[in-house]
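Subject: Structure for you to look at

Hello,

Here is the structure I said I would pass on. Please open it beside this email and follow along; my notes come after it.

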Amino acid sequence: MAKRPPTDPTIDLERIRKQQGKTSRARLRIMIAGDANRPVRTITLPRALPTVVSVAAVMLIVATVTLACGSWKMSDALSALDRRVRAMVQAADSVALRPGDGEAGGTPSLAGSSLLVNQGPLATTHGPSGEMGRFVVQSANNGEETTVSVNLQTGEVEAAGYRRLRHLMRCLRTGAETPVDPRLIDLLYRISRRTGQKIVLVSGFRAPMFSLATLSYHTRGMAADIRIPGMTPLMVRDLAESMGVGGIGYYPVSGFVHVDVREEHVRWIDYGKDRSDGEGAEHGPERGEGAEAVNGG
């Protein structure tokens with residue numbers, strides 16, 4: 001056998017000194033000694049764990065501060081939007097309570113003077129004075145009922161009654177409300193005056209997300225689906241026709257008549273069922289199975 005060359009002890013001594021001169025970080029160790037019959041268990045953690053935890057904590061703090069600032073800015077934006085919406089609703093309500101000059105569907109009012117008379121610029125609403133006209137609206141869905149009072153001389157709508165009417169005509173899916181077009185209020189009053197009956201409301205305002213039509217009159221507070229106690233839908237349709245109502249939809253199977261205050265004259269018949277409730281219940285000659293347009297539009 002070949003003999004190993006003798007090692008230089010100075011080399012080994014130098015290597016040992018170098019190793020002793022190095023400062024090594026001790027690893028984190030977790031020692032578990034919960035059972036006297038079992039040996040001590042040791043869990044060694046990575047050396048980079050404290051750094052990783054520190055970086056994660058800093059990032060979490062930064063993210064929290066950023067989200068807090070974003071939430072604060074969003075809260076201000078929502079508050080500003082809420083103020084603008086409230087101002088718009090108040091302005092629209094003022095128009096409804098003190099309407100400008102106009103006629104519903106081009107038909108003169110049945111009152112001694114039109115309900116829609118010129119009131120000039122928007123003004124603060126106040127309790128109407130003078131001869132009052134009243135009509136009752138009842139919801140066919142939940143039985144809610146309200147009385148609306150209108151000043152026959154000035155066209156002003158009683159503020160409290162108007163707010164109740166707007167709430168009664170709310171979207172039943174979302175609970176959202178919208179200002180009611182003053183021409184529609186005038187139309188409902190004249191129908192009630194002609195029939196001597198209350199207006200049974202099947203559908204009023206519909207939130208846009210539940211409307212299939214673009215710019216539906218139901219989404220703008222300009223339309224109502226109605227019934228009149230003691231009258232068939234055909235009789236209600238003929239009455240609306242004689243009054244020159246802009247949009248008239250006849251629903252003989254569902255049992256109601258759609259009326260709206262659009263400028264042009266549009267007529268249609270829809271033989272579908274449950275047209276007042278389903279998402280496919282949008283009103284118009286192009287909507288629904290069995291619908292057909294009549295007399296142009």
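Two strands pair if DSSP finds at least two bridges between them. The strands (E, at least two residues) and helices (H or I, at least four) are DSSP runs, numbered from the N terminus. The model is predicted, so local features need pLDDT of at least 70 and side-chain atom pairs count only at pLDDT 80 or more, while totals for chains, interfaces and linings use all residues. Residues are numbered from 1 along each chain as its sequence is written, and side-chain values use heavy atoms, with hydrogens and water left out.

Strand β7

β7 covers residues 247–251. It runs antiparallel to β8, to which five bridges join it, and Tyr 250 of β7 stands opposite Val 257 in β8. Four residues lie between the two strands of this hairpin, and Gly 255 in the turn has a positive phi of about 85°. β7 also pairs with β9 (residues 266–270), in the parallel sense and over four bridges; here Ile 248 stands opposite Arg 267.

In a regular strand the side chains alternate between the two faces of the sheet. In β7, Gly 247, Gly 249 and Tyr 251 are on one side and Ile 248 and Tyr 250 on the other, and all are buried (under 20% relative accessible area, with exposed over 50% and partly exposed in between; 1.4 Å probe, protein chains only).

Helix α4

α4 has 14 residues, 182–195, which at 1.5 Å a residue should span 20 Å, and its end C-alpha atoms are 20 Å apart, in agreement. The expected span is 1.5 Å times one less than the number of residues. At the N-terminal end, Asp 181 caps the helix, with a side-chain oxygen 2.8 Å from the backbone nitrogen of Arg 183. After the helix comes Gly 196, with a positive phi near 70°. Because 11 of its 14 residues are buried, α4 is largely enclosed by the rest of the structure; Arg 183, Asp 186 and Arg 190 are among the buried ones.

The cores

A nonpolar core is a set of buried Ala, Val, Leu, Ile, Met, Phe, Trp, Tyr and Cys residues joined through side-chain atoms within 4.5 Å. The largest has 34 residues, and those touching the most other members include Leu 184, Leu 187 and Ile 191. α4 gives the most to this core, with six residues. A second, separate core of five residues includes Val 202, Tyr 251, Phe 256 and Trp 268.

Regards

Key:
A polar contact is a pair of N or O atoms within 3.5 Å; within protein, one must be able to donate a hydrogen and the other to accept it, and residues adjacent in sequence count only if both atoms are side-chain atoms.
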